[in-house]
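Work through these exercises with the sequence and the model side by side. Try each task before reading its solution.

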Amino acid sequence: MSGKPMDLNNLHLAVLIDADNVPYSSIKGVMEEVAIYGTPTIKRIYGDWTSPNVSGWKRALLEHAITPVQQYGYTTGKNATDSAMIIDAMDILYSGKTDGFVILSSDSDFTRLAIRLREAGQKVIGIGERKTPGAFIVACDKFIYIEVIRDHQRSQEGKPLQISPKKAPEFAKAKFGDSPQDKGPAPTQLIADSIADIADHDGYAFLGELGNLLLKKAPDFDPRNYGFQKLTPLLKSIPRFEIDVRQTRDANIKHIYVRDREA
């Protein structure tokens, strides 16, 4: 479960970027992440392009064919960029040309937009920094942290960032909430509760179904948050969980099930 445990692939996506709240240095990895889920048929970025604060974006826009949308800050202290993105998103929604939206921002102002798009049957993927408020995170079908994408880029450059299985006890103690500073149920308990929700009479849960349920409960759940590229190796690193690989009638296909030893 590194990218798509739910059925989001092959979607026609509108990618809307808040230039004020997304670092341009991560855009290459971000666009590669977006490609996992579908085809970005619309790519727009919003900001005041007369401001030196967004000058670093200009080269990135050319490299990734992203259309800049000029939005002047008419009033000091007011974010006109947010309003422009929201208006454009609704226009795109009513055009009927997309299956989903990717909103790149760490701003909670887009929470209501994400909810409205999902009400209209659109899939919503949020991408932002770990400082993103929890309200926006849970309003999305899936939320991905830019820091995770950035770490993946570094590992692709030959700088491994894998958490050793020996650190599994640290994982069990980790907090899972709106941000690293927030308190919430431990991820291990979240996984265990989810297994219990869908387990068969032997206590086993199908891994694909488990991945979907984890995202429904916590849209920002991602094995990469803990140094693992997929859900299976993360589960294997935690002694509490038992993995069972079952052969299907097709010799090339195996199904993975997981059980909570403490259940």
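**Exercise 1. The whole chain**

Task: State what share of the residues in this predicted model is buried, and how many helices and strands the protein has.

Solution. Start with burial. Buried residues account for 48% of the 263 residues in the protein. Next, count the elements. There are 10 helices and nine strands. Finally, look at the contacts with a sequence separation of 6 or more. Residues 24 or more positions apart supply 60% of them.

**Exercise 2. H8 against H9**

Task: Describe how helix H8 and helix H9 cross, and list the residues that meet.

Solution. Step one: locate the pair. H8 covers residues 187–198 and H9 covers residues 207–217. Their axes come within 10 Å and cross at roughly 120°. Step two: classify the angle. Angles of 65 to 115 degrees count as roughly perpendicular, and those over 145 as roughly antiparallel. The crossing falls in neither range, so H8 is oblique to H9. Step three: assign the hand. This crossing is right-handed.

Step four: list the contacts. H8 contributes Leu190, Ile191, Asp193, Ser194, Ile195, Asp197 and Ile198. From H9 come Glu209, Leu210, Leu213, Leu214 and Lys217. Step five: sort them by class. The contact has seven nonpolar, one polar and four charged residues.

**Exercise 3. H8 on its own**

Task: Compare the span of H8 with the expected value, and name its buried residues.

Solution. H8 has 12 residues. From first C-alpha to last it reaches 17 Å. That is close to the 16 Å expected at 1.5 Å a residue. Now check burial. Pro187, Thr188, Leu190, Ile191, Ala192, Ser194 and Ile195 are the buried residues of H8. Leu190, for one, is also among the H8 residues that meet H9.

**Exercise 4. H1 against H2**

Task: Give the crossing angle of helix H1 and helix H2, its hand and the residues in contact.

Solution. H1 spans residues 27–37, and H2 spans residues 57–64. The axes come within 11 Å and cross at roughly 30°. H1 passes H2 in a right-handed crossing. On the H1 side, the residues are Ile27, Lys28 and Met31. They meet Trp57, Ala60 and His64 in H2. By class, four are nonpolar, one is polar and one is charged.

**Exercise 5. Two helix residues**

Task: Decide whether alanine 84 is buried or exposed, do likewise for glutamine 153, and find what each touches.

Solution. Take alanine 84, in helix H3 (residues 80–95). Its relative accessibility is 11%, so alanine 84 counts as buried. Leaving out residues up to four places away in sequence, alanine 84 touches Tyr46 and Gln71. Aspartate 18 is 66 residues away along the chain, yet the C-alpha atoms of the two are separated by 9.9 Å.

Now glutamine 153, in helix H6 (residues 146–156). At 18% relative accessibility, glutamine 153 is buried, because the limit is under 20%. With residues up to four places away again left out, glutamine 153 touches Ser25, Ser26, Lys28 and Gly29. Its C-alpha atom is 9.6 Å from that of valine 30, 123 residues apart along the chain.

**Exercise 6. A loop residue**

Task: Where does alanine 65 lie, and is it buried or exposed?

Solution. Alanine 65 sits in the loop between H2 and strand E3 (67–70). Its relative accessible area is 52%, so alanine 65 is exposed. Check the backbone too. Phi of alanine 65 is near 50°, a positive value in a residue other than glycine.

Terms used:
Residues are numbered from 1 along each chain as its sequence is written. This is a predicted model: local features need pLDDT of at least 70, side-chain atom pairs count only at pLDDT 80 or more; totals for chains, interfaces and linings use all residues. Side-chain values use heavy atoms; hydrogens and water are left out. Axes are lines fitted to C-alpha atoms, for helices over the stretch in contact, and angles run from 0 to 180 degrees between N-to-C directions. Helices (H or I, at least four residues) and strands (E, at least two) are DSSP runs, numbered from the N terminus. Angles under 35 degrees count as roughly parallel, over 145 as roughly antiparallel, 65 to 115 as roughly perpendicular and the rest as oblique. A crossing is left-handed if the near helix is turned anticlockwise from the far one by less than a right angle, and right-handed if clockwise. Contact means heavy atoms within 4.5 Å. Ala, Val, Leu, Ile, Met, Phe, Trp, Tyr, Cys and Pro count as nonpolar, Asp, Glu, Lys and Arg as charged, and the others, Gly among them, as polar. The expected span of a helix is 1.5 Å times one less than its number of residues. Buried means under 20% relative accessible area, exposed over 50%, partly exposed in between (1.4 Å probe, protein chains only).
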